Amino acid sequence: MKQRIYIDTSVVGGYFDEEFKVANKYIAEKVVGKSSIEDCRHIALATINKVDVLASWNFKHIVNLDKIKGYNSVNLKLGYQMIEIRSPKDLRNYEND
């Protein structure tokens, strides 16, 4: 049976939000695949909100040296600052300067 789906305006409007554009760019630049859109949104939200450090246990798509380099490459191309990504274990002794 074919599903009928109602999409409210937040879905349509959300497409034009800044974090959605940045998240899609990570996929377009092949940092990660399409199935990792939620991971990309975490990176994009942290980037555009200028967080000091993003902490994650996701070593496959987020806390991964090659992926971090890819995310930061896209960030720099789009005029954003680089983002520091660490595992929570790395933050045990983290102090703000």
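Of the 97 residues that make up the protein chain, 32% count as buried, a value that, like every other one here, comes from a predicted model. The chain holds four helices and two strands, and, read from the N terminus on, its elements follow the order α-α-α-β-α-β. Among the contacts in the chain with a separation of 6 or more, 57% are accounted for by residues 24 or more positions apart.

One pair of helices can be followed in detail. Two packed helices are described by the angle between their axes and the distance between the axes. Helix α2, which covers residues 18-28, and helix α4, which covers residues 65-77, have axes that come within 10 Å and cross at roughly 125°. That angle lies neither over 145 degrees nor between 65 and 115, and α2 and α4 are therefore oblique to each other. The crossing in which α2 passes α4 is right-handed. On the side of α2 the residues that meet the other helix are V22, K25 and Y26, while α4 contributes Y71, V74 and N75; by character, the residues of this contact divide into four nonpolar, one polar and one charged.

The reader may then turn to a single residue, N49, which is placed in the loop between α3 (37-48) and β1 (53-55). Because its relative accessibility is 53%, and the cut-off for exposed is over 50%, N49 counts as exposed. The side chain of N49 reaches the backbone oxygen of L45 at 2.8 Å. N49 and E19 are 30 residues apart along the chain, and their C-alpha atoms are separated by 9.6 Å.

Methods. Residues numbered from 1 in each chain as written. Predicted model: local features only at pLDDT ≥ 70, side-chain atom pairs only at ≥ 80, totals over all residues. Heavy atoms only, no water. Buried < 20%, exposed > 50% of the residue type's maximum accessible area, 1.4 Å probe, protein only. Polar contact = N/O pair within 3.5 Å; in protein donor to acceptor, adjacent residues only side chain to side chain. Axes fitted to C-alpha atoms, helices over the stretch in contact; angles between N-to-C directions. Parallel < 35°, antiparallel > 145°, perpendicular 65-115°, else oblique. Left-handed = near helix turned anticlockwise from the far one by under 90°. Contact = heavy atoms within 4.5 Å. Nonpolar A, V, L, I, M, F, W, Y, C, P; charged D, E, K, R; others polar.
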